Amino acid sequence: MTNSKLAPSDQISPLQYAIITGAGSGIGRATALRFSEAFDRLILVGRTEGKLKITATEAQCPCEVLVCDLSQSEQVANLTQKVMGLLSQGSRSAELRALVNNAGVFDRTDFLDSSDENWTYHFENNLMSAVRLTRGLFPLLKAAKGHVTNVSSTLGLRPVAQTAAYSAMKAAMINWTQTLALEWAPYQIRINCVAPGLIETPMHQHLLSQPEVRAQMDKAQPLGRMGAPQEIAEAIYFLSSQASSWTTGSVLSVDGGIHL
Ligand SMILES: NC(=O)c1ccc[n+]([C@@H]2O[C@H](COP(=O)([O-])OP(=O)(O)OC[C@H]3O[C@@H](n4cnc5c(N)ncnc54)[C@H](OP(=O)(O)O)[C@@H]3O)[C@@H](O)[C@H]2O)c1
């Protein structure tokens, strides 16, 4: 007797994966938790395994923790291989729907004190980390018509003093996003940027621990307060979802109005 219906395995849609870098804290952690409500599997990337494992425990879907220093090209190449292996194992097909390039570092320095090493540090950790990973994952993104969200900064649009290296890399990230959006549009891969303002994360812990400084920082924002990591996570989720299906090469400011 022949059965004209599809076999069960043919009817099952591919597992939807998302990769989030810097997922052990701050914006990356909040993004992972938000994405875990909608994706089948997450791949959490960062340098500190313990922090990534805590995020994985809190997430609402299964997570793979992959430790990688994204400033090191060989480690990024290994990471790319591991991701390809992960998505091709198991009986159910899988696809990479979203990549969030969130990992980054911040260091405030007078320009005249900013050494070559300081510039290289920002270049490798804030720009090349995302460039290399995105390039390596192109085959998976192409196959899935996936989406990339780069986490830039208000400082990439409207810099402040003593942030030359950081702001230059975040501005470069915006320009790279726009170039890539044009290059990869024929593959239906969308690439967008979110530009957060001042967000309450471990990146600013030294300031947040001083109540008067914290009060000044809140007051300096047009909306009267710093942002929460979850508010950036919502914007990243929007840009990674079908709700933004005709949006590519854009920069979404989520900053309480400070870019104005
Ligand atoms: N907070 C803000 O006000 C603000 C504003 C605008 C933009 N941003 C951007 O938002 C992103 C997230 O920052 P955050 O505020 O959430 O700060 P955070 O809590 O310090 O998170 C940064 C994350 O990036 C990871 N990371 C840094 N360098 C890495 C590397 N080489 N390889 C792998 N992982 C690396 C860190 O991992 P480990 O902990 O394991 O080292 C950490 O989990 C950054 O790109 C930042 O520039 C932040």
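**View 1. Helix 2 and the shell around the ligand in this predicted model.** Helix 2 gives the most to this shell, with three residues. Helix 2 spans residues 26-35. Helix 5 (116-136) also supplies at least two residues of the shell.

**View 2. Residues around the ligand.** There are 31 residues around the ligand. Gly22, Gly26, Thr48, Gly104 and Thr201 come nearest. By type, the shell divides into 16 polar, twelve nonpolar and three charged residues.

**View 3. Helix 4 along its length.** This helix runs over residues 73-88 and has 16 residues. From its first C-alpha to its last, helix 4 reaches 23 Å. That is close to the 22 Å expected at 1.5 Å a residue.

**View 4. The two sides of helix 4.** Which residues of helix 4 are buried? They are Val76, Leu79, Val83 and Leu87. These four lie on the same side of helix 4, because they cover an arc of only 65° around the axis. An α-helix has 3.6 residues a turn, so residues three or four places apart point the same way. On the other side of helix 4, Glu74, Gln81, Gly85 and Ser88 are exposed.

**View 5. What covers the buried residues of helix 4.** Strands and helices both take part. The cover includes strand 1 (15-21), strand 2 (41-46), strand 3 (63-67) and strand 4 (94-101). Helix 5 and helix 6 (138-144) are also included.

**View 6. Just after helix 4.** Here sits glycine 90. Its phi is positive, at about 85°.

Conventions
Residues numbered from 1 in each chain as written. Predicted model: local features only at pLDDT ≥ 70, side-chain atom pairs only at ≥ 80, totals over all residues. Near = placed C-beta within 6 Å. Nonpolar A, V, L, I, M, F, W, Y, C, P; charged D, E, K, R; others polar. Expected span 1.5 Å × (residues − 1). Buried ≥ 20, exposed ≤ 12 C-beta atoms within 10 Å, placed from the backbone. Arc of directions from axis to C-beta. Contact = placed C-beta atoms within 7 Å.
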